[in-house]
Amino acid sequence: MSEAIPVNQPLLDGNEKKYLNQCIESGWISSEGPFVKEFEEAFAARVGRKYGIAVCNGSAALEVAVAALGIGKGDEVILPTFTIISCAAAIARAGAIPILVDCDLFTWNMQVEKIEAKITPQTKAIMVVHIYGLPVDMNPVLELAEKYNLAIIEDAAEMHGQTYRGKPCGSFGEISTFSFYPNKHITTGEGGMLVTDSSKIAERCRSLRNLCFNPHKRFVHEELGWNFRMTNLQAALGKAQLERLDEFCDRKRQMGRRYNELLADIPGLQLPVEKTDYAENIYWVYGIVLKDEVPFDAAEAMKRLSQHKIGTRPFFCPMHEQPVFHKMGLFLGESHPISERLARRGFYIPSGLALTEEQIKRVAEVLKEVMK
Ligand SMILES: *Cc1c(COP(=O)(O)O)cnc(C)c1O
């Protein structure tokens, strides 16, 4: 029996240990330690932003982003239905209303041409989420934001190192957010970051992440914030990982191209789009969609792969099909057929940075076998 191939395994063989040792030797393990500021500055610079605010995870970054823009009760925010719950949760928790659009069958990103029809006088922002490896077509979104005076929150959690028409993902709109969960291109174990060019927004984000402590009167609060701080230990990992971002992106693209070659001849598989006129896929995860001719769905394909000890994950379950939102009276009776189809026919295969050429070949062989 061959070794199990996990769906994700990070690479931690750079300066991670060295910087972690520095934390332990110096005693700086809390968010007050020096790596936090260093990581914030280096990360913001890397995506072409003025300010970086490190937080404890990518979901927290979205909560802070929504709050920092003053989005609240009765406001509407447009976002894709095909995304992680964190996006819609941040909007709903703020008392605002998430307004959904369907995604494209091939890029898996929100259909930007569907946004304008959803804009109302209550619309305050568009939450753009880049999905799996290709960025959203930003120019039309930027034009709408300008035309209707809307803010943009860019969720770039899956896009470290990716660009849109040569400009870094994470540099668009008022605020962009990132996650450093271990399956992202760079990881801090758990962690996240907000980046922005506005000193005012940055200041608000810093305050919100730190319980809105009053800089003049400690323990007197004008507003409610959160303790979403990142520790020095996490930032130490982040600094080490960031040093290798270019190498990691090259590696991801190389893995994606390798899968493309090896899987090209297997009938019934819709593979990721290699490039569009605005970006080259970075294959955050290597997604596969079963074509109509395949007589079973993603759950069955994943079950068969797991019998060969190959790790997979299903695609996102769309927001309009989430029981939790139905209970809140949201999205009742809504239908977004492409996202529904992707949720039933899509899954992703091992795509972590530690994946070897032998493992890629093995995954391809097994896939060929189970698709028969
Ligand atoms: C991973 C991810 C998040 C959430 O990040 P966490 O650090 O896991 O909270 C948010 N948005 C997108 C698009 C993601 O992929």
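Which residue in strand 9 does Val 55 stand opposite? Val 55 faces Gly 192, and I'll come back to those strands in a second.

Quick housekeeping. What you see is a predicted model, where local features need pLDDT of at least 70 and side-chain atom pairs count only at pLDDT 80 or more, while totals for chains, interfaces and linings use all residues. Residues are numbered from 1 along each chain as its sequence is written, and side-chain values use heavy atoms, with hydrogens and water left out.

So, strands. When I say helix or strand I mean a DSSP run, H or I of at least four residues for helices, E of at least two for strands, numbered from the N terminus. Strand 1, residues 51–55, pairs with strand 9, residues 192–196, in the antiparallel sense over 5 bridges; two strands pair if DSSP finds at least two bridges between them. Of the 5 residues in strand 1, 4 are buried. Buried is under 20% relative accessible area, exposed is over 50%, and partly exposed is in between, using a 1.4 Å probe and protein chains only.

Next, helix 3, residues 58–68. Here 9 of the 11 residues are buried, so helix 3 is largely enclosed by the rest of the structure. Among the buried ones are Leu 62, Glu 63 and Val 64. At the N-terminal end, Asn 57 acts as a cap, with a side-chain oxygen 3.0 Å from the backbone nitrogen of Ser 59. Just past the helix, Gly 70 has a positive phi of about 70°.

Helix 3 also brings us to the pockets. A pocket is an open set of points on a 1 Å grid over the protein atoms alone, where a 1.4 Å probe fits, with protein on both sides within 12 Å along at least five of seven lines; lining residues have an atom within 4 Å of a point. Volume is the space filled by probe spheres set on the points, which are joined across faces, edges and corners.

The second largest pocket holds about 460 Å³. It has 26 lining residues, and Ile 84, Asn 183, Lys 184, Trp 284 and Phe 316 are nearest its centre. Helix 3 gives the most to that lining, with 3 residues. By type, the lining splits into 12 nonpolar, 9 polar and 5 charged. Nonpolar here is Ala, Val, Leu, Ile, Met, Phe, Trp, Tyr, Cys and Pro; charged is Asp, Glu, Lys and Arg; the others, Gly among them, are polar.

And the largest pocket? Its volume is about 530 Å³. There are 19 lining residues, and Arg 206, Ser 207, Arg 209, Asn 210 and Phe 213 are the closest to the centre. Helix 6, residues 199–209, provides the largest share, 5 residues. This lining has 5 nonpolar, 5 polar and 9 charged residues.

Back to strand 12, which also lines the second largest pocket. It belongs to an open antiparallel sheet of 4 strands, in the order 10-11-13-12. Strands 10 and 12 sit at the edges with a single partner each, so one side of each has no neighbour in the sheet. Strand 12 pairs with strand 13, residues 346–349, over 2 bridges, and Pro 314 is opposite Phe 347.

Last stop: Leu 150, in the loop between helix 5 and strand 5. Is Leu 150 buried or exposed? Buried, at 8% relative accessible area. Beyond its neighbours within four places in sequence, Leu 150 is in contact with residues including Ile 119, Ala 145 and Glu 174, contact being heavy atoms within 4.5 Å.

Technical notes
Polar contact = N/O pair within 3.5 Å; in protein donor to acceptor, adjacent residues only side chain to side chain.
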